[in-house]
Each structure stands twice: as structure tokens, then as C-alpha cells.
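Here are a few exercises to work through with the structure open beside you. Try each task before you read its solution.

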Amino acid sequence: MNSGNTSYPRPVCGENRRVSPDEALELLTRVPVGDLMRRAYGARAERFPGRVVTYVLDTNPNYTNVCVTGCRFCAFSRPQGHAEAYTLSPRSLAERVRKSYERGATTVLLQGGHHPGLRLSDWLAYVRCIRAACPHIHIHPFSPSEVVFLSKTTGAPVPEILGALYAEGIRTIPGGGAEILCDRVRARIAPEKATAAEWLAVAETAHRMGFRTTATMMFGHVETDEEIIEHLVRLRDLQDRTGGFSSFIPWSFKPGNSPLGKEVCQSAHPLRYVRVLATARLVLDNIDHIQSSWFSESITAGQLGLLAGADDFGGILFEENVLQQAGHQRATTLDTVLTVIRRAGFVPARRDSLYNVIEEHDDAAAGADVLARVLARRTDCTERGR
Ligand code: SF4
């Protein structure tokens with residue numbers, strides 16, 4: 001494991017200095033959107049010259065929808081004993097992952113509700129069962145808010161939980177549950193969830209142990225512009241200390257079917273999404289990858305995001321449950337994503353969970369060809385391993 005404490009100074013966005021919180025607020029709220037996009041695209045081009053936009057073949061099954069946390073923005077969770085409550089056994093979860101794996105998924109993003117009955121041994125059983133069923137899949141499990149909840153319910157210290165996952169071969173952790181890293185907002189939308197400090201402490205501990213994690217943000221509800229900037233600056237400060245964030249992934253609140261949706265009826269406008277994403281690229285000068293979350297926004301917003309500083313297009317989800325429960329249905333096929341990236345003027349490239357490019361598709365490859373190559377390579381590996 002890493003000893004941590006690495007400092008990652010970075011030049012800033014073509015201007016040789018860091019964006020201050022006041023300047024960040026100016027970017028988010030006042031700079032004309034065209035200028036903002038140009039500056040953010042310039043910052044992306046400095047870091048990643050060329051036209052490559054990455055994506056990953058992933059699946060996102062949720063091991064349980066039982067949750068006692070009651071976030072007001074959530075349409076996915078159910079109380080224990082509810083007719084629609086479920087908790088997958090390790091074997092049934094592994095079976096679901098296997099179906100996606102056989103279709104070409106290379107990563108499983110594994111998250112679930114805050115279920116008070118689950119223990120660390122249950123988490124490890126999920127990991128082991130998936131690995132037995134799908135030996136080559138990358139397992140990307142358990143967000144900081146789940147880790148905080150497990151620690152509180154079982155009494156196991158966070159380092160012990162993370163250490164057990166590390167010993168199990170896990171090397172990346174998703175950055176879910178960040179919402180807005182400001183306790184005024186969290187008190188209004190998710191008062192029972194990990195505090196901002198707790199979320200950041202799990203990320204910092206994970207980074208120092210050698211994990212890479214993503215960082216997320218869900219905006220477009222009760223937060224102020226200043227609180228969005230606070231969120232970004234807190235991530236930047238932590239990244240200065242550890243260098244452990246691989247990417248930043250913003251998305252907007254989806255009001256459908258959630259209690260908060262009665263108060264905030266509309267999703268953020270795509271232009272707001274673009275402004276947030278471009279500001280993030282300029283403020284987060286020490287995080288390499290910014291993801292345009294086309295799946296949660298729209299194809300057009302996703303494409304605009306690529307012109308506003310994003311270099312990654314996220315996952316081709318073979319399974320997704322959370323946004324579906326909020327009434328957000330989107331068909332995702334690899335062909336669609338390849339076409340959407342190309343039509344925005346970029347070259348799609350398949351990546352792994354550590355953001356290494358596996359193959360660029362500058363040859364107009366179709367989705368079926370890409371999946372055939374993924375599956376053939378996997379067969380080769382298996383045969384070589386025998
Ligand atoms: S967002 Fe997660 S923690 Fe919050 S209620 Fe939904 S499942 Fe539970």
C-alpha cells in the first residue's frame with residue numbers, strides 16, 4: 001500500500017495560476033458560456049491533446065435496495081419488509097454480473113442501499129462470488145457513504161473495511177454519495193447520510209492505502225452556486241494531498257418519483273450542466289479526467305460536455321437500476337455511444353477502470369466488432385492461463 005502524503009502541484013489551465021473560489025464563481029455564473037467552454041476545452045487539450053474520448057463497458061447492478069437512510073432525492077430505496085425490497089444473494093448477484101460479462105462488460109460498478117443487516121463478510125462474499133463467476137472483470141465496489149454506514153452499523157473502523165477490500169484485490173472505489181459536499185445541503189436532502197467530512201475522510205483514507213477513487217457531484221436541487229464551488233474546492237484540496245481521484249463525474253438531480261421532486265420539479269437545464277462541467281474542468285486542475293455523463297443528462301448535453309472540457313463519456317451500462325426508478329429510461333448501446341462521440345468530432349476509445357486506453361476506434365468500428373474483440377481477447381487470456 002502507498003504511504004500516501006504525495007503532493008501533486010499542477011500548472012493551471014493555460015493561465016499559469018490556480019482558479020480562486022471567487023473566479024470559479026464568476027466562471028459558473030457570469031462568464032459567457034461560449035468563452036467558458038473554450039477555456040475549459042483548452043484546459044482539456046493541454047492535458048489530453050488530440051481528439052480521443054474514452055468510454056468503458058460496464059454494468060451497475062445494485063446488490064440491495066433496502067436502505068434506512070431516506071435521502072429525499074432517492075426513488076430507488078425501499079424500507080425493509082416492503083413488497084419491492086430486495087437483497088441479492090452473492091450467487092444471484094454474480095449471475096447477473098456474469099450475464100453482462102458474457103455480453104462484453106469489463107467493469108462492474110457495485111453499489112447498494114444502506115442495509116442495516118449487511119456485514120463486511122457479506123460484502124466480501126459479493127466480491128468473491130463475482131470474481132469466481134467472472135475472473136477478468138474489474139470490480140469497482142462500495143462508495144464512501146456505504147463504507148461510513150457499514151462502519152457505523154458494525155463498529156468496524158473505516159481502515160479495517162478498506163483494508164479488507166484491498167486484501168481482496170480491490171483497487172478502485174466509486175465516488176457515489178458525495179451529492180454536494182456541504183453540510184447545509186446534506187441536512188436538507190440527505191440528513192442521515194455521511195457528512196461531507198466523513199465522505200472526504202473515507203476518500204482520503206482510501207487514497208493513502210493505494211486505492212484510486214472517482215469523485216461525483218449531484219447538483220440542481222437546493223444548493224447555491226457558492227456551494228457548488230465549495231464542493232469543487234474541497235475535492236481539489238484533497239487531491240492536492242493525495243492525488244487519488246481518477247476522475248470527476250457531475251450529474252443533475254432527477255426529480256421523478258422522489259420526495260425532493262415535489263419541491264424541485266425540473267432537472268437542470270443542459271446549459272447549466274455544461275457550465276458546471278466546464279467550471280469543474282478549470283477548477284479541478286489536479287484531476288485528470290472529467291466525465292460527460294451523457295447517460296444521466298442527454299445525448300446533446302453529453303456532446304456539449306465534450307466541447308466543454310470532458311474527455312470521458314462514462315460507461316455503456318449493461319444494467320442500471322437507480323435512475324430507472326426515477327423514471328429516467330435511456331437505451332444504451334455501444335453503437336449509439338460510438339456514433340454520438342464521432343458526431344461530436346472525437347475518436348472513441350475503450351478504456352479500463354483506471355482510465356488506461358485499451359483501443360482507439362479511429363477505423364469506424366461498429367459496436368458488434370468491438371464486443372467481438374473484447375470477448376475474443378478474454379478467451380485468449382483464459383486459454384493462455386490454462
Ligand atoms: S441514495 Fe442511497 S443512501 Fe440515499 S436513500 Fe437512496 S439508496 Fe439509500
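**Exercise 1.** How many of the 11 residues of α5 are buried? Keep in mind that you are looking at a predicted model.

Solution. Start with the cut-off: a residue is buried if 20 or more other C-beta atoms lie within 10 Å of its own. Eight of the 11 residues of α5 pass that test, so the helix is largely enclosed by the rest of the structure. They are P144, S145, E146, V147, V148, F149, L150 and S151. Next, look for what covers them: α4 (120-133), α6 and α8 are among the covering parts. Finally, step just past the end of α5, where G155 takes a positive phi of about 85°.

**Exercise 2.** Work out how α5 and α6 pack against each other.

Solution. Two packed helices are described by the angle between their axes and the distance between the axes. For helix α5 (residues 144-154) and helix α6 (residues 158-167), the axes come within 9 Å and cross at roughly 120°. Angles of 65 to 115 degrees would count as roughly perpendicular and those over 145 as roughly antiparallel, so α5 and α6 are oblique to each other. Their crossing is right-handed. Now find the residues that touch: V147, L150 and S151 on the α5 side meet V158, I161 and L162 on the α6 side. Sorted by class, this contact has five nonpolar residues, one polar and no charged.

**Exercise 3.** Which residues of α11 are buried, and how does α10 lie against this helix?

Solution. In helix α11 (residues 299-306), six of the eight residues are buried, so the helix is largely enclosed by the rest of the structure. Those six are A301, G302, Q303, L304, G305 and L306. Turn to helix α10 (residues 270-283): its axis and that of α11 come within 9 Å and cross at roughly 30°. That makes α10 roughly parallel to α11. The crossing here is right-handed. From α10, P270, Y273, V274 and L277 meet T300, A301, L304 and G305 of α11. Go through the classes and you get six nonpolar residues, two polar and no charged.

**Exercise 4.** Do the same for α8 and α9.

Solution. The axes of helix α8 (residues 196-209) and helix α9 (residues 225-242) come within 10 Å and cross at roughly 20°. That makes α8 roughly parallel to α9. Check the hand of the crossing: right-handed. L200, A203, E204, H207 and R208 from α8 make the contact with R234, L238, R241 and T242 from α9. By class, this contact splits into three nonpolar, two polar and four charged residues.

**Exercise 5.** Where does V347 sit, and which residues does V347 contact?

Solution. First, place V347 in strand β9 (residues 347-351). Then count: V347 has 16 other C-beta atoms within 10 Å, so this residue is partly exposed. Skip the neighbours within four places in sequence, and the contacts of V347 are R51, V52, V53, E360, H361 and D362. For a sense of scale, V347 and L124 are 223 residues apart in sequence and 38 Å apart in space, C-alpha to C-alpha.

**Exercise 6.** List the residues around the ligand and sort them by class.

Solution. Going along the sequence, pick out C67, T69, G70, C71, C74, F76, S77, G113, H114, A190 and K193. Sorting this shell gives five nonpolar, five polar and one charged residues.

Key:
Residues are numbered from 1 along each chain as its sequence is written. This is a predicted model: local features need pLDDT of at least 70, side-chain atom pairs count only at pLDDT 80 or more; totals for chains, interfaces and linings use all residues. A residue is near a molecule or strand if its C-beta atom, placed from the backbone, lies within 6 Å of it. Ala, Val, Leu, Ile, Met, Phe, Trp, Tyr, Cys and Pro count as nonpolar, Asp, Glu, Lys and Arg as charged, and the others, Gly among them, as polar. Axes are lines fitted to C-alpha atoms, for helices over the stretch in contact, and angles run from 0 to 180 degrees between N-to-C directions. Helices (H or I, at least four residues) and strands (E, at least two) are DSSP runs, numbered from the N terminus. Angles under 35 degrees count as roughly parallel, over 145 as roughly antiparallel, 65 to 115 as roughly perpendicular and the rest as oblique. A crossing is left-handed if the near helix is turned anticlockwise from the far one by less than a right angle, and right-handed if clockwise. Two residues are in contact if their C-beta atoms, placed from the backbone, lie within 7 Å. A residue is buried if 20 or more other C-beta atoms lie within 10 Å of its own, exposed if 12 or fewer, and partly exposed in between; C-beta atoms are placed from the backbone.
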